Amino acid sequence: MGPLLSYRAEMARAMRMLAKDQRVIFIGQNVLYSGAVAITETLEGIPLSRRIELPVAEELQMGMSLGLALAGFLPVSIFPRMDFLLRAA
């Protein structure tokens, strides 16, 4: 692909960089099990123990993310689609 990185490759690099901090936890849909290829591939190489798979439950996911943050973790809350994030808000 040359010197330009694809969006997916850059997202994967960012996720690996975030995962270097032991407080980071990835939470959301398709973070543990394959489903959305773009999400699954960006989390390759990140230990499964640092991922929390959730069903489609936007308010639950946001509440868990807030609770994790209050407990000292740095949650990366992954919503597969923008309208899911709006639902959680």
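In which helix is Gln61 found? In this predicted model, Gln61 belongs to helix H3, and that helix is a handy place to start a tour of the structure. Helix H3 spans residues 58-70, with Glu58 among its members. Because its relative accessibility is 0%, Gln61 counts as buried. Beyond its neighbours within four places in sequence, Gln61 is in contact with Ile27, Gly28, Gln29, Leu54, Ser77, Ile78 and Phe79. Glu58 has a relative accessibility of 8%, and since buried means under 20%, Glu58 counts as buried too. Glu58 can also be placed relative to Asp83: 25 residues separate the two in sequence, and their C-alpha atoms are 9.9 Å apart in space.

The strands come next. Three of them form an open sheet in the order E2-E1-E3, and the pairing is parallel. Strand E2 (51-53) and strand E3 stand at the edges with a single partner strand each, so one side of each has no neighbour in the sheet. On average, and with direction ignored, neighbouring strands of this sheet are turned by 20° against each other.

A look at the bridges shows how E1 is held between its partners in this order. E1 and E2 pair in the parallel sense over three bridges. Within E2, Arg51 is the bridge partner of Phe26, and Glu53 is the bridge partner of Gly28. E1 and E3 also pair in the parallel sense, over five bridges; here Ile25 has Pro75 in E3 as its bridge partner.

How much of E1 is buried? Five of its five residues are, so E1 is largely enclosed by the rest of the structure. Val24, Phe26 and Gly28 point one way from the strand, while Ile25 and Ile27 point the other way. This fits a simple pattern worth remembering: in a regular strand, side chains alternate between the two faces of the sheet. After E1, the chain enters a loop that leads to helix H2 (37-42), and Asn30 lies in this loop. The phi angle of Asn30 is near 65°, a positive value in a residue other than glycine.

Helix H1 lies across E1 and E3 and runs at about 130° to E1. H1 has 13 residues and reaches 18 Å from its first C-alpha to its last, close to the 18 Å expected at 1.5 Å a residue. Ala12, Met15 and Ala19 are buried in H1. These three cover an arc of only 60° around the axis, which puts them on the same side of the helix. An α-helix has 3.6 residues a turn, so residues three or four places apart point the same way. Tyr7 and Met17, by contrast, are exposed on the other side of H1.

Helix and sheet come together in the largest nonpolar core, which has 10 residues in all: Met15, Ala19, Val24, Phe26, Val31, Ile39, Leu43, Ile46, Val76 and Ile78. Helix H1 (7-19), strand E1 (24-28) and strand E3 (74-78) each supply at least two residues of this core. Met15 gives a good view of the packing: leaving aside neighbours within four places in sequence, Met15 is in contact with Phe26, Thr42, Leu43, Ile46, Val76 and Ile78. Such a grouping follows a broader tendency, as nonpolar side chains in soluble globular proteins tend to be buried together.

Technical notes:
Residues numbered from 1 in each chain as written. Predicted model: local features only at pLDDT ≥ 70, side-chain atom pairs only at ≥ 80, totals over all residues. Heavy atoms only, no water. Core = buried A, V, L, I, M, F, W, Y, C linked by side-chain atoms within 4.5 Å. Buried < 20%, exposed > 50% of the residue type's maximum accessible area, 1.4 Å probe, protein only. Helix = DSSP H or I, 4+ residues; strand = E, 2+ residues; numbered from the N terminus. Contact = heavy atoms within 4.5 Å. Pairing = 2+ DSSP bridges. Axes fitted to C-alpha atoms, helices over the stretch in contact; angles between N-to-C directions. Expected span 1.5 Å × (residues − 1). Arc of directions from axis to C-beta.
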